[in-house]
Amino acid sequence: MLSTTILSSLSGLYSALYEWYAANKRVLPWRETQDPYCIWLSEIILQQTRVAQGLEYYMRFMDRFPTVQDLAAASEDEVLVYWQGLGYYSRARNLHKAAQMIGQKAKGERRKAVFPTTFEQLRQLPGVGDYTAGAIASFAYNLPYPAMDGNVYRVVARLSDTDEAFDTTQGKKHFHQLIEQLLDRENPRLFNSAIMEFGALYCTPTSPDCETCPLQHYCLAYAHHTVELLPVRKPRPKVRDRWFHYRIYIDHNGLTLIHQRQAKDIWQHLWEFVLEEYPDGDEAIALQTFPIRHILSHQRLHARMDVIKVTSLPSIPDTVAVDMRHLGDYAMPQMLVKVLEQLSF
Ligand code: SF4
């Protein structure tokens with residue numbers, strides 16, 4: 001529960017938070033607009049991505065796809081190429097699918113594409129969960145919905161001294177009740193922006209400066225000396241090792257073979273060279289033979305690349321022959337892009 005100190009003086013907490021925000025907020029393009037398309041794009045890019053890196057991608061996307069119609073009209077392959085390097089490619093596929101849904105609806109009704117305007121409509125877009133719908137609803141339309149990202153969970157866990165894991169179904173429900181009590185319904189846009197920024201810049205995961213914190217008076221974790229213990233997460237799943245052996249065939253015309261990953265697995269719809277995946281074997285030997293390491297959220301990839309010069313390319317099902325110089329037109333996993341930069345052919 002939120003402390004009675006907070007509940008009895010929410011206006012004092014809002015004033016302290018907004019004063020801090022006015023003095024410390026970063027100037028970011030998606031904060032300077034109320035256009036739902038720009039806000040949606042920035043929110044999808046910023047999931048699992050640092051702001052500095054996200055900013056670069058956001059600018060590139062806005063440059064190439066300035067409206068939701070432009071994004072809907074692009075091919076999925078092109079969107080994936082623009083997304084290359086950000087990882088979690090399902091975000092890009094959903095982004096594209098959602099743009100097409102919005103575009104198609106407008107086409108059917110013979111009008112200009114209009115972005116959904118209610119939380120419920122936003123929630124129906126592929127890749128849009130409660131957090132993103134809340135962020136768009138509040139930032140674009142100033143509707144009273146919370147936007148709970150990792151930074152907000154941390155601030156709320158500490159203000160309320162809640163030691164329940166925030167990433168379980170039950171924990172999410174509990175935190176949702178807390179933020180509903182805390183939300184400034186008169187100024188949801190300002191409240192969500194301020195609390196997110198406060199978590200990102202001030203109430204940081206380690207060693208926040210609690211002694212001079214403007215919210216210290218309201219913070220139960222500070223009073224109970226539990227700041228460093230919060231928030232609590234559920235135990236992480238075990239990391240799985242995988243062993244990838246790539247063969248980069250190159251013929252005398254500079255052509256190579258690639259194929260598009262189709263399975264519901266990592267890198268779905270991205271392109272890669274001819275791959276054989278090895279089952280787990282003797283780890284010590286495998287580690288020597290597969291010298292490239294690439295860490296994903298729950299997988300550790302060990303890869304080996306062999307460049308094989310041939311007079312004519314072998315016939316391998318589901319592959320296409322492409323000019324090595326045009327590989328940049330195909331969205332590839334970041335691990336392969338990095339290796340290609342280092343290899344000389
Ligand atoms: S007192 Fe410390 S833990 Fe509490 S809100 Fe401020 S920075 Fe965060």
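Where is Gln48 found? Look in the loop between α3 and α4 (51-64). Keep in mind as you go that this is a predicted model. Gln48 makes a handy starting point: its phi is positive, about 65°, although it is not a glycine. Is Gln48 buried or exposed? Count the other C-beta atoms within 10 Å and you get 12, so Gln48 is exposed.

Tyr88 shares the backbone theme. This residue is not a glycine either, yet has a positive phi of about 45°. You'll find Tyr88 in the loop between α6 (76-83) and α7 (90-108). It has 14 C-beta neighbours inside 10 Å, and therefore counts as partly exposed. Then there's the link from Leu230 to Pro231, a cis peptide bond with omega near 0°. Pro231 sits in the loop between α13 (220-224) and β1. Why point these out? Because most residues other than glycine have a negative phi, and most peptide bonds are trans.

Now for the inside. The largest nonpolar core holds 83 residues, and the members touching the most others are Ile136, Val156 and Leu159. Helix α3 (residues 36-46) is the top contributor to this core, with eight residues. Where does the core lie relative to the domains? Domain 1 (4-229) and domain 2 (240-342) both supply residues, so the core lies between them.

Pro36 is a good way into helix α3, since that is the helix where it has its place. With 20 C-beta neighbours inside 10 Å, Pro36 makes the cut-off of 20 or more and so counts as buried. Setting aside neighbours within four places in sequence, Pro36 is in contact with Phe115, Ile136 and Ala140. Ile136 came up a moment ago as one of the core members that touch the most others. Pro36 and Ala113 are 77 residues apart in sequence, and their C-alpha atoms are 12 Å apart in space.

Val156, another of those core members, takes us to a pair of helices. Beyond its neighbours within four places in sequence, Val156 is in contact with Phe175, Leu178, Ile179 and Leu182. Those four residues are in α11, where they meet Tyr153, Val156 and Ser160 of α10. How do the two helices cross? The axes of α10 (residues 150-160) and α11 (residues 169-182) come within 11 Å of each other, at a crossing angle of roughly 80°. The helices are therefore roughly perpendicular.

Leu159, named with Ile136 and Val156 above, leads back toward the start of the chain. Ile6, in helix α1 (residues 4-8), is in contact with Leu13, Leu159 and Tyr218, leaving aside neighbours within four places in sequence. The Tyr218 contact spans a long stretch of chain: Ile6 and Tyr218 are 212 residues apart along it, with their C-alpha atoms separated by 5.6 Å. Ile6 has 21 other C-beta atoms within 10 Å, so it is buried.

Finally, the strands. Strand β1 (residues 240-250) runs antiparallel to strand β3 (residues 271-278), and five bridges join them. Arg247 stands opposite Val274 in β3. Strand β2 (residues 255-260) also pairs with β3 in the antiparallel sense, over three bridges. Which residue in β3 is the bridge partner of Gln260? That would be Trp271.

Notes:
Residues numbered from 1 in each chain as written. Predicted model: local features only at pLDDT ≥ 70, side-chain atom pairs only at ≥ 80, totals over all residues. Core = buried A, V, L, I, M, F, W, Y, C linked by C-beta atoms within 7 Å. Domains from an automatic or database assignment. Contact = placed C-beta atoms within 7 Å. Pairing = 2+ DSSP bridges. Axes fitted to C-alpha atoms, helices over the stretch in contact; angles between N-to-C directions. Parallel < 35°, antiparallel > 145°, perpendicular 65-115°, else oblique.
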